[in-house]
Amino acid sequence: MFELGLVQHQVRYLCLMPLINLWRNGHCFNMVHARFVARYKLLCQYTWPHFTGTMVDGVALIIRSVPLPGAEFTIGRKKVFIRSPRTVYELDEFRKVRLNELAVLIQKTYRCYTKRKRFLALRRSQLIIASYWRIWREREKIRVVEFRKQALWAVQVIGRFFVLLKTREFLLTLLLRLPHDNMSPICHDWPSSPTFLSETSQLLRTIFHRWRCYKYRKSFDQPARNRMREKVTASIIFKDRKISYPRSVAHPFHGDYIRLRQNIQWKRVSCEHNDQYVVFADIINKIARSSGKFIPILLVISTNSMLLLDQKTMQIKYRIPASEIYRMSLSPYFDDIAVIHIRADNYCSSNMSDRSESPTGCLFQSEIGKKKGDFVFQTAHSIEIVTKLFLVIQNATAKSPEVTISTDFEANFGGQTVIFTFKCGGLVDNPYNQTRVTRKGNRMEVIV
């Protein structure tokens with residue numbers, strides 16, 4: 001029961017009214033210094049977490065650190081008095097916020113400690129594992145290196161014995177695999193060899209080829225050697241220079257195509273001028289200097305001279321010593337035309353009725369010194385004629401004559417210089433694709 005009289009009696013007995021008036025007019029809250037410092041020391045960085053000074057100094061530091069007016073606080077000898085309840089409330093709010101911050105700080109520090117402890121444990125474990133793994137890796141590398149070293153040594157030993165075995169096998173069976181049935185120098189057959197013996201095989205192949213060429217040359221008689229010499233000379237003169245040369249390689253040089261050596265009349269004529277040995281004899285076409293017409297004539301090449309005879313009567317029309325021929329000219333095409341260049345005023349010409357001996361070596365006296373000019377021949381044996389003349393002149397003068405292969409060159413016709421021009425092209429009015437020779441002034445055109 002709430003009785004007003006009883007309550008008033010108790011208030012007057014306890015002297016509450018003077019106390020309430022004191023609080024209302026002065027301070028509403030007080031607290032002992034030690035308790036104040038213990039409760040609110042966390043609000044000041046100079047008192048937290050441990051304060052070693054006097055309690056009064058601690059209270060003063062706390063009051064100065066909080067964002068509250070200083071007039072709200074009064075520091076007594078034993079207590080701290082606070083004027084407004086709101087100030088107490090704000091102090092408690094500051095303390096609450098600070099407690100939350102400290103709790104977060106504690107949690108953060110604890111988590112950092114636990115995580116660092118775990119990290120250090122993991123790091124220590126990782127270092128131990130890594131060290132053992134590196135040890136294992138290095139041992140594995142050493143094992144692999146040793147294995148490779150042993151394998152390389154084994155491979156070298158096996159390879160060395162394999163090479164010796166294959167070399168011995170190749171050398172022992174080489175004699176049985178040589179191409180004994182074909183001793184021709186143009187034969188390219190050779191037993192296969194291992195790759196590491198390619199240089200040795202090539203050296204042996206060269207030696208065998210030289211020996212085969214030596215045996216091939218030893219099997220020749222003197223006429224065969226002469227024919228081979230002629231073929232080699234033709235190769236030196238015409239190879240890669242005249243298009244028709246490859247067709248003549250397979251055909252041997254017969255020389256005497258009309259069997260002139262057995263002709264009795266030729267024997268009588270040749271004995272008079274020491275032309276018994278016939279190097280070449282055949283009926284060819286002599287091209288007229290003025291018109292370019294083809295005139296059949298017998299060409300004879302002996303070891304001393306070149307002779308032109310009538311093919312029916314065997315009458316000698318021209319005899320040119322080998323030493324008076326200084327150049328031979330041909331074109332690089334498929335034509336069969338050859339120009340024989342003669343030194344000026346060095347050969348003789350006449351009819352058979354004026355024949356007499358001459359101390360100069362010419363056959364006839366009627367036209368001694370009269371210059372006729374160079375000779376132009378057309379024959380299927382042009383390469384053979386040039387080759388044989390080349391060797392005859394070389395043997396007679398100890399000097400090689402000049403061989404010109406060109407589409408344009410000069411010739412001497414009776415003191416007049418004529419330019420030969422070769423043109424390669426089809427002839428419309430020539431169904432047999434023969435060579436046409438025409439002369440126009442000081443120019444002679446040959447259409448192939």
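Good morning. The expected span of a helix is 1.5 Å times one less than its number of residues. I begin there because the model before you is a predicted one, and helix α6 can be compared with that expectation.

Helix α6 covers residues 198–218, which makes 21 residues. From its first C-alpha to its last it reaches 30 Å, close to the 30 Å expected at 1.5 Å a residue. Which residues of α6 are buried? They are Ser 201, Phe 208, Arg 212 and Cys 213. Viewed down the axis of α6, these buried residues fall within an arc of 140 degrees, so they line one face of the helix. The general background is that an α-helix has 3.6 residues a turn, so residues three or four places apart point the same way. On the other side of α6, Glu 199, Leu 203, Arg 210 and Lys 218 are exposed. The cover over the buried residues of α6 includes α5, residues 85–177.

Two residues of α6 deserve a closer look. Ser 201, found in this helix, is buried, with a relative accessible area of 6%. Leaving aside residues up to four places away in sequence, Ser 201 touches Phe 170, Trp 190, Pro 191 and Ser 193. Leu 204 is also found in helix α6. Is Leu 204 buried or partly exposed? At 25% relative accessibility, Leu 204 counts as partly exposed, given that buried means under 20% and exposed over 50%. With the same sequence neighbours left out, Leu 204 touches Phe 170, Leu 171, Leu 174 and Trp 190. The C-alpha atoms of Leu 204 and Leu 174 are separated by 9.9 Å, and the two residues lie 30 apart along the chain.

I turn now to helix packing. Two packed helices are described by the angle between their axes and the distance between the axes.

Consider helix α3, residues 33–40, and helix α4, residues 55–65. Their axes come within 9 Å and cross at roughly 45 degrees. The pair α3 and α4 is therefore oblique, and the crossing is left-handed. On the α3 side, the contact is made by His 33, Ala 34, Phe 36, Val 37 and Tyr 40; on the α4 side, by Met 55, Val 56, Gly 58, Val 59 and Ile 62. Within α4, the residues Gly 58, Val 59, Ala 60, Ile 62 and Ile 63 are buried. What covers the buried residues of α4 includes α3, together with strands β2 (73–75) and β3 (79–82).

Helix α3 also packs against α5, at an angle of about 45 degrees and with the axes 10 Å apart. α3 and α5 are therefore oblique to each other. Here Phe 36, Arg 39 and Tyr 40 in α3 meet Leu 91, Asp 92 and Arg 95 in α5. Phe 36 and Tyr 40 of α3 are thus named in the contact with α4 and in the contact with α5.

A further pair is α7, residues 222–238, and helix α10, residues 382–397. How are α7 and α10 arranged? They pack at an angle of about 105 degrees, with their axes 9 Å apart. That makes α7 roughly perpendicular to α10. The α7 side of this contact is formed by Arg 229, Glu 230, Thr 233, Ala 234, Ile 237 and Phe 238, and the α10 residues include Ile 383, Val 386, Phe 390 and Leu 391.

Finally, some remarks on backbone geometry in the loops. A cis peptide bond joins Trp 48 and Pro 49, with omega about 5 degrees. Pro 49 has its place in the loop between α3 and α4.

Asp 240 and Met 314 are the remaining residues I wish to mention. Asp 240 is not a glycine, yet its phi is positive, at about 65 degrees. Asp 240 lies in the loop between α7 and α8, the latter being residues 245–249. With a relative accessible area of 77%, Asp 240 is exposed. Met 314, likewise not a glycine, has a positive phi of about 60 degrees. Met 314 lies in the loop between β6 (305–309) and β7 (316–321). Is Met 314 buried or exposed? At 8% relative accessibility, Met 314 counts as buried, whereas Asp 240 is exposed.

Thank you for your attention.

Conventions: Residues are numbered from 1 along each chain as its sequence is written. This is a predicted model: local features need pLDDT of at least 70, side-chain atom pairs count only at pLDDT 80 or more; totals for chains, interfaces and linings use all residues. Side-chain values use heavy atoms; hydrogens and water are left out. Helices (H or I, at least four residues) and strands (E, at least two) are DSSP runs, numbered from the N terminus. Buried means under 20% relative accessible area, exposed over 50%, partly exposed in between (1.4 Å probe, protein chains only). The arc is that of the directions from the helix axis to the C-beta atoms. Contact means heavy atoms within 4.5 Å. Axes are lines fitted to C-alpha atoms, for helices over the stretch in contact, and angles run from 0 to 180 degrees between N-to-C directions. Angles under 35 degrees count as roughly parallel, over 145 as roughly antiparallel, 65 to 115 as roughly perpendicular and the rest as oblique. A crossing is left-handed if the near helix is turned anticlockwise from the far one by less than a right angle, and right-handed if clockwise.
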